[in-house]
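Me: I have a structure open here and would like to go through it with you. Shall we start with the overall layout and then turn to the interior?
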Amino acid sequence: MREVILPIDSTSLSDKINKIDSYGVILLIHLIKQKAEKRSTRSWDVSIENTVREINKINKRRKSGGFYLNQTELMDILQQGYQVALKRAALEAFEGSYEAQELAAIVNQQETLAEALELIQQ
């Protein structure tokens, strides 16, 4: 039986996308909570800084420079993770007193996504 070997780039790119997605959800959770509660905490600020740093570290091409994912691809990942982040933020914001759809009415999705992408690109 022959072993099938996938190109390293395709496997590692998939892993990178999954990690960026996970960190993107965490980033969005804290941005949603900030916008909903109109405040921040040091913990949220540190988490935002850490997730942005991790996303950029994962997305950076080490040998050739540049990035694995461009601005459009990053925005696609953030958009895909937004509903997950909204549900998780609803559990935490206002001590869990709002459902996700109620929180969605308070927070401007496009503004939050734009801010997340801007933080990543700084």
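Me: What pattern does the protein follow along the sequence?
Reply: Read along the sequence, the pattern is α-α-α-α-α. The protein has 5 helices and 0 strands, where helices (H or I, at least four residues) and strands (E, at least two) are DSSP runs numbered from the N terminus. This is a predicted model, in which local features need pLDDT of at least 70, side-chain atom pairs count only at pLDDT 80 or more, and totals for chains, interfaces and linings use all residues. Residues are numbered from 1 along each chain as its sequence is written, and side-chain values use heavy atoms, with hydrogens and water left out.

Me: Which elements have the lowest and the highest mean pLDDT?
Reply: H1 has the lowest mean, 90, and helix H5 (residues 109–121) the highest, 98. The protein averages 91, and 91% of the residues score at least 70; pLDDT is the predictor's confidence in each residue, from 0 to 100.

Me: Now the core. Which residues touch the most other members of the largest nonpolar core?
Reply: Ile20, Leu27, Leu28, Ile32, Leu78, Tyr82 and Leu103 do, out of 30 residues. H3 gives the most to this core, with 9 residues. Such a core is a set of buried Ala, Val, Leu, Ile, Met, Phe, Trp, Tyr and Cys residues joined through side-chain atoms within 4.5 Å. Buried means under 20% relative accessible area, exposed over 50%, and partly exposed in between (1.4 Å probe, protein chains only).

Me: What does leucine 103 touch?
Reply: Not counting residues up to four places away in sequence, Leu103 touches Ile32, Ala36, Leu86, Ala89, Ala90, Ala93, Phe94 and Tyr98. Contact means heavy atoms within 4.5 Å.

Me: And glutamine 101, is that residue buried or exposed?
Reply: Glutamine 101, in helix H4, is exposed, with a relative accessible area of 57%.

Me: Different topic: how many cavities of 30 Å³ or more does a search find?
Reply: The search of the whole structure finds 1, with a volume of about 40 Å³. On a 1 Å grid over the protein atoms alone, a cavity is a set of points where a 1.4 Å probe fits but cannot get out; lining residues have an atom within 4 Å of a point. Grid points are joined across faces, edges and corners, and a volume is the space filled by probe spheres set on the points.

Me: Which residues line the largest cavity?
Reply: Ile20, Gly24, Ile55, Leu74, Ile77, Leu78 and Ile120. H3 gives the most to this lining, with 3 residues.

Note on methods. On a 1 Å grid over the protein atoms alone, a cavity is a set of points where a 1.4 Å probe fits but cannot get out, and a pocket is an open set with protein on both sides within 12 Å along at least five of seven lines; lining residues have an atom within 4 Å of a point.
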